[in-house]
Structure formats: structure tokens, C-alpha cells
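Got your viewer open? Let's take a walk through this one together, one selection at a time.

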Amino acid sequence: MTWCYDPRQSYEHNLAHGPSGAMAGPGVPLPESPPRHAVLGQALHSPFGIAAGPLLDAAYTTAALRHGFDIAAYKTVRSAAHPSHPFPNTLAVHVDGRLEADRVEPLVADDDLDHATSISNSFGVPSQDPDAWQPDMAAAVAAAGEGQLLLASFQGTRQGEGGMDAYVADHATTAKLVVETGARALEMNLSCPNEGTGALLCFDTASVARIAGTVKEAVGDVPLVLKLAYFGDDARLRAFVEATAGIVDGYAAINTLPARLVDAGGGQALPGAGREVAGVCGDAIRWAGLEMTARLARHREELGARFAIIGVGGVLATEHYEAYRAAGADAVMCATGALLDADLGRKVRALAA
């Protein structure tokens, strides 16, 4: 196992001891030529990087940048400490072909990770306390070289009391804490299927518009990207874009696709209440990320809007990066692909030169 995040160890172990594998070794030098690409107002050597998920802290993001991934997303943070789901979190998910967005039959998931191309992502959006993550994120921002970007992922946390007003305020509070680290671009996570909630925030257009507007007032000119799930209904996606494109600076799609995971005996694969369904990423969801990218690009053109599109999902090889770019993505990010091939950033950078 050469993954930078070791799925055979707990989240806490990886946070304390990672990164591991090839990503812990020597990297590649920055190109001598000036950056040729621009995304979210930032000059980049390549519009390619690692999405929020496997990069737990500054040690991980710095390793990713050093290995040629020119965008590194710091794993989603919150306004207060939040625990991870118990181990295991990442299992090999056995999918025959693509994972359909409306699949109801369970999928077998196990620890046969050596040959996995699709995996579970079941963490529940853990976060350290801001007293810990703020200085660490500041170090991560400072480690980005010329032509590189630290993308800071965050989300709001529902409060025990206060209802929607408190939820909106918590998004803005967390965003301001992130901006204090010097982060030059933010990604607001609206799409995690692993918190045990029935509905994803990104499907509540009115609430997202309200939250995004409040966050933009709080962060000013710092670019804000919304991280989305797969929208099966294109009219619903169009309405979402119409309601938010004038507020935010871009969209990243997709996060994962949810699926019910079982072991070989048919029992729940991931232990604990609320974990019957988990997000699946990797090869089986690439179709959905490409489709969302193409649809966002079409809506952008038809509306005459100006926003960045970050294509995410199932990028395991350079040809997948090229497919996303052809579909209309301004930038492309991977997660499983970076776990399987620490050299993928360098390969894409060579293509983008």
C-alpha cells in the first residue's frame, strides 16, 4: 500500500503520522517557466489538484503541492471540533461498471484495497478545533509556491438551538476563520452524504442562496466555490445556478455518489448508526462528474454567466483530466487518483505546460 492516506489505519492515526507512501518522499521541482493558467483569479502551472478529502492538514497539502498537484484542498474544517466516524472509513467498493445515481441495490465493500479503483469515503466531516486548524492552515497557505493554490474547504455546522439563523451564521463565522489564515480561495461544502442527514444542503436552493450571500458579505473579494453533489434533475440544477451564480465565483462537482454498502454476508459494511449509506468515489462515479461539468458549462453559456467550473470525480489518469477539460472544466481535481498514483500531478502538469 503506497497511498498518502493509509486506509488500513484510523483517521486519527493518519492525522498524527501522515502522509505515507510515495507522497511522503521527494517531490518534483516547480517549473522554471511562469504559470500559464488562471483559475479563480490565481495563476497556476496546471489547473489540476487534489480535492478535499485525503489532505488532512498542512503536512498533506504541502506534500501534494511538492509532488506537482498545483491545487491542494485542505480537508473541510468547521467552527468547532468534530469527531470522525469510527474506523474503517475507506473500503474497496465492488462496482460492475458505473454506479448509477439512483441505485437501490447494495454494493459489497471490503478491505481488498490493493486492487481498488472505487472506494468508500465515510468520515462524517471531522474537524479539529480552530485553535488547531487555523495556524496549521496558515502554514499550508504559506507552503504554496508560485503557480500553486491552497483551496480551503469549510462547512457550517447545525447548532442544537437557533435553527436556520444559527446555521447561516455558523457558515459565515467559519468562513471568516478560514480567511484569517490567508487563504486565497474558499470552497463551501454543501454535499457530504456521510453525516447521517437525509437531504444534502445543495438541494435546498433557497437556503444555499441565503447562506452564500451571507458568506460573501463576510469574506469580501475572496473567491467562493460551492461543492455540489450530482443533480439528477437538470431543471433543478439550472434553477440552482440561476439563484447563486451572481453570488459565488464557481462550482465544484461532484463530491461522491451515495450507496448502501454491505459486507460479503450482507451485513452493514461500515460500523455505527447512520452509516448504512456512504459516499463512493473513484472510477465508478466519473460519468456523473463529467455529466455535471458539461451541464454546468452549458448553463454558463446559455445564461451568459461568469463562474469557474472545477470538475471532480473518478480522475485516475491523464486522459480523465483531458475529458473533464473537454467537457468545460476550468480546473480538475482528483482524490482516489492521487491515492493510487502520487505521480499523477506531475503527469498532468507536463500535459498542461
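Start by selecting helix α8 (residues 318-327) and helix α10 (residues 344-352). In this predicted model, α8 passes α10 in a right-handed crossing. The two axes come within 9 Å and cross at roughly 50°. That angle is why α8 counts as oblique to α10.

Now show the side chains where the two helices touch. On the α8 side, pick T318, Y321 and E322; on the α10 side, pick L344, K347, V348, L351 and A352. Try colouring this contact by residue type: five of its residues are nonpolar, one is polar and two are charged.

Next, jump to helix α7, residues 286-303. How far apart are its end C-alpha atoms? They are 26 Å apart, which agrees with the span that 18 residues should give at 1.5 Å a residue. Then light up the buried residues of α7: R286, W287, A288, G289, M292, T293, R295, L296, A297, H299 and R300. As you look along a helix, keep this in mind: an α-helix has 3.6 residues a turn, so residues three or four places apart point the same way. Step just past the end of α7 and you land on G304, with a positive phi near 65°.

Time for helix α3, residues 130-143, where you should click A132. Is A132 buried or partly exposed? Its relative accessibility is 31%, so A132 counts as partly exposed, since that label covers values between 20% and 50%. Now add A81 to the selection: A81 and A132 are 51 residues apart along the chain, yet their C-alpha atoms are separated by 9.3 Å.

Let's look at some backbone oddities. Which two residues does the cis peptide bond with omega of about 0° join? Select G18 and P19 to see it. P19 sits in the loop between α1 (11-17) and β1 (37-39). Another cis peptide bond links A253 to I254, this time with omega of about 10°. You'll find I254 in the loop between β11 (250-253) and β12 (257-262).

Two stops left, both about positive phi. L40 is not a glycine, but its phi is positive, about 55°. Look for L40 in the loop between β1 and β2 (42-44); at 14% relative accessibility it counts as buried. Finally, select V125, in the loop between β7 (118-121) and α3. V125 also isn't a glycine, and its phi is a positive value near 55°. With 7% relative accessibility, V125 counts as buried.

Methods: Residues numbered from 1 in each chain as written. Predicted model: local features only at pLDDT ≥ 70, side-chain atom pairs only at ≥ 80, totals over all residues. Heavy atoms only, no water. Helix = DSSP H or I, 4+ residues; strand = E, 2+ residues; numbered from the N terminus. Expected span 1.5 Å × (residues − 1). Buried < 20%, exposed > 50% of the residue type's maximum accessible area, 1.4 Å probe, protein only. Axes fitted to C-alpha atoms, helices over the stretch in contact; angles between N-to-C directions. Parallel < 35°, antiparallel > 145°, perpendicular 65-115°, else oblique. Left-handed = near helix turned anticlockwise from the far one by under 90°. Contact = heavy atoms within 4.5 Å. Nonpolar A, V, L, I, M, F, W, Y, C, P; charged D, E, K, R; others polar.
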